[in-house]
Amino acid sequence: MQKLREYAQEVLNLYNYFNGAIIFDQNAVAVYYYNNRQDINNLTEEDVVGKHLSQIYPNLDLSSSTIIEALTKGISTSNKAQRVKTFKGRELNEVNTTIPIFENDNIIGAVEVSKYIIGDELHQNIFVTPVTMGQHRQLYTADDIISDCIQLQEVKRKIKKVAQTDSSVLIFGKTGTGKEMVAESIHTGGKRKAKRFISQNCAAIPASLLESILFGTVKGSFTGAENRIGLLESADGGTLFLDEINNMDLSIQAKILKAIEEQRITRVGDYESKLIDVRIIAATNQDPWQLVKDMRLREDLYYRLRVVQIDLPLLSERKGDIDLLTKYFIKKYNKRMGKNVMGLNGETERFFHTYPWPGNVRELENTVAGAFNFVEGHFIKLQDISWYDGGKEMEDDDFCDRFLTGGTLKDMVRNYEKHLIEEAMRQSADLPQVAQKLGITRQNLNHKMKQYHLQMPAGK
């Protein structure tokens with residue numbers, strides 16, 4: 001119990017966002033508890049620590065408990081919506097991620113981190129993602145990527161080709177474009193699919209802790225250090241996905257480069273190196289070459305990772321996929337929340353096609369998920385979207401946030417130009433009318449449509 005309490009901060013540093021966390025020992029007794037919303041959940045550390053799982057949640061069916069599954073079978077569960085009732089009588093709606101804790105291949109406990117659903121809304125619309133994902137969780141494949149757009153079809157083609165090799169891969173895509181889905185698809189499409197896929201967000205870990213998490217430690221290397229395997233060793237034979245690698249300290253980037261080139265690692269405080277066989281897939285949400293110029297990504301590491309580079313388009317560049325994705329998410333949340341939503345009403349559908357989705361596919365999914373808390377009947381309406389501004393005119397600052405999102409001045413001008421062409425297409429009967437609305441020639445319009453991969457909406 002004491003050892004798990006000492007590890008608590010290290011374990012919980014692996015997460016970006018959560019409202020609550022509980023660590024259980026192998027006997028399902030709570031040894032650590034954290035809760036930052038006592039207005040939602042009134043349990044305190046004194047209420048929880050030292051109690052068995054069944055004492056904390058007396059109405060819980062232990063046979064289907066994700067905690068028990070983690071402790072007895074080593075099974076991870078991610079982003080599961082649950083309703084639980086505490087021994088104090090408070091009912092909680094949560095989205096939980098549960099992961100077993102191993103030491104020397106033995107399960108010594110489990111951690112569960114939670115996001116609370118506050119009232120009818122998921123707090124901050126952020127889903128917790130587990131840091132390590134083993135074979136027990138079904139990973140994405142290339143066939144799970146939902147798209148009809150040319151850019152994504154090319155991405156899927158690259159995934160299937162590169163999956164057959166051991167080359168390093170660098171993925172570039174803005175937040176919410178599906179970088180981890182691509183990384184998982186590369187892993188599951190190749191010969192390493194029977195081995196472990198481990199994911200680590202480099203921005204979620206303090207620099208002082210990241211090296212020991214990646215490379216492992218030996219007892220006595222620093223105060224409190226134990227013999228502990230790192231993620232590179234844990235992924236031996238499989239794949240290690242390093243997200244937001246530009247947030248990694250430059251000194252650790254140098255060690256990662258050496259590990260990739262030599263396929264050897266040395267634990268912190270050790271003198272002997274160990275041979276490993278790990279495929280490295282890295283990702284960044286900023287232009288990789290600009291990061292090199294800004295000295296936030298080592299140039300030698302950039303070239304070593306960019307054996308294959310996969311660039312992911314923004315959702316605003318693949319608006320034809322919005323209907324496909326919306327239908328998929330509606331089906332998903334119908335099943336999860338026991339509803340029978342058939343789609344969007346006409347007004348909401350038009351809004352979905354004109355909104356720029358700066359948060360990309362993740363924002364679209366969270367919007368659908370949020371609307372499911374309010375929808376009545378078979379169709380989602382605009383008033384079911386909690387953040388919708390009621391169609392008010394955008395202020396200048398809001399305009400910049402929603403249409404000119406990130407990148408260089410050239411990128412922002414291109415984004416807005418593309419948006420104007422799309423709007424003209426929706427309001428016009430044919431291409432000559434589009435060109436007339438925009439005040440440009442048909443030849444110029446055809447050139448820009450090809451440049452932005454645009455097509456006239458079906459039926460026009």
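**Exercise 1. Classify Cys202 by its accessibility, then place Met248 and its core.**

Cys202 has a relative accessibility of 1%. Buried means under 20% relative accessible area, exposed over 50%, and partly exposed in between, with a 1.4 Å probe and protein chains only. Cys202 is therefore buried. The model is a predicted one, in which local features need pLDDT of at least 70 and side-chain atom pairs count only at pLDDT 80 or more, while totals for chains, interfaces and linings use all residues. Residues are numbered from 1 along each chain as its sequence is written, and side-chain values use heavy atoms, with hydrogens and water left out.

Next, take the contacts, meaning heavy atoms within 4.5 Å. Not counting residues up to four places away in sequence, Met248 touches Cys202, Leu210, Leu214, Leu242, Gln253 and Ile256.

Then find the core. A nonpolar core is a set of buried Ala, Val, Leu, Ile, Met, Phe, Trp, Tyr and Cys residues joined through side-chain atoms within 4.5 Å. The largest one has 33 residues, and Met248 is among those with the most contacts inside it, together with Leu214, Leu240, Leu242 and Ile256. Elements that each supply at least two residues of this core include helix 7 (207-215), strand 10 (239-243) and helix 9 (250-262). Helices (H or I, at least four residues) and strands (E, at least two) are DSSP runs numbered from the N terminus. A second, separate core has 22 residues, including Ile322, Tyr333, Ile380 and Leu382. In soluble globular proteins, nonpolar side chains tend to be buried together.

**Exercise 2. Decide how many disulfides the chain has, and classify Cys149.**

A disulfide is a pair of cysteine sulfur atoms within 2.5 Å. By this rule the count is zero. Cys149, at 11% relative accessibility, is buried.

**Exercise 3. Describe the setting of Gln82.**

Start with the element: Gln82 sits in strand 3 (residues 77-85). Its relative accessible area is 18%, so Gln82 counts as buried.

Now list the partners. Apart from neighbours within four places in sequence, Gln82 contacts Thr66, Leu92, Asn93, Glu94, Asn96 and Glu112. With Asn96, the side chain of Gln82 makes a polar contact of 2.5 Å. A polar contact is a pair of N or O atoms within 3.5 Å; within protein, one must be able to donate a hydrogen and the other to accept it, and residues adjacent in sequence count only if both atoms are side-chain atoms.

**Exercise 4. Find out how much of helix 6 is covered.**

Helix 6 covers residues 179-188, and nine of its ten residues are buried. The buried set includes charged and nonpolar residue names alike, among them Lys179, Glu180, Val182 and Ile186.

**Exercise 5. Sort two aromatic pairs by geometry and trace what they join.**

Rings of Phe, Tyr and Trp (its six-membered ring) pair if their centres lie within 6.5 Å; planes under 30 degrees apart count as stacked, over 60 as edge-to-face and the rest as tilted. The chain has 13 such pairs.

Tyr328 and Phe329 are 5.5 Å apart centre to centre with 70° between the planes, which is edge-to-face. Tyr328 is partly exposed at 39%, whereas Phe329 is buried at 4%.

Tyr333 and Phe372 make a tilted pair, with 6.0 Å between centres and 50° between planes. Tyr333 belongs to helix 12 (residues 322-337) and Phe372 to the loop between helix 14 (360-371) and strand 16 (379-380), so the pair ties together parts 39 residues apart in sequence. Tyr333 and Phe372 are both buried.

**Exercise 6. Examine two loop residues, Trp357 and Gly377.**

Trp357 lies in the loop between helix 13 (346-354) and helix 14. Its phi is near 50°, a positive value in a residue other than glycine. Most residues other than glycine have a negative phi. Trp357 is buried, with a relative accessible area of 1%. Ring pairs also link Trp357 into a cluster with Phe351, Phe352, Tyr355, Trp387 and Tyr388.

Gly377 lies in the loop between helix 14 and strand 16. At 53% relative accessible area, Gly377 is exposed. The C-alpha atoms of Gly377 and Met342 are 8.9 Å apart, with their positions 35 residues apart along the chain.
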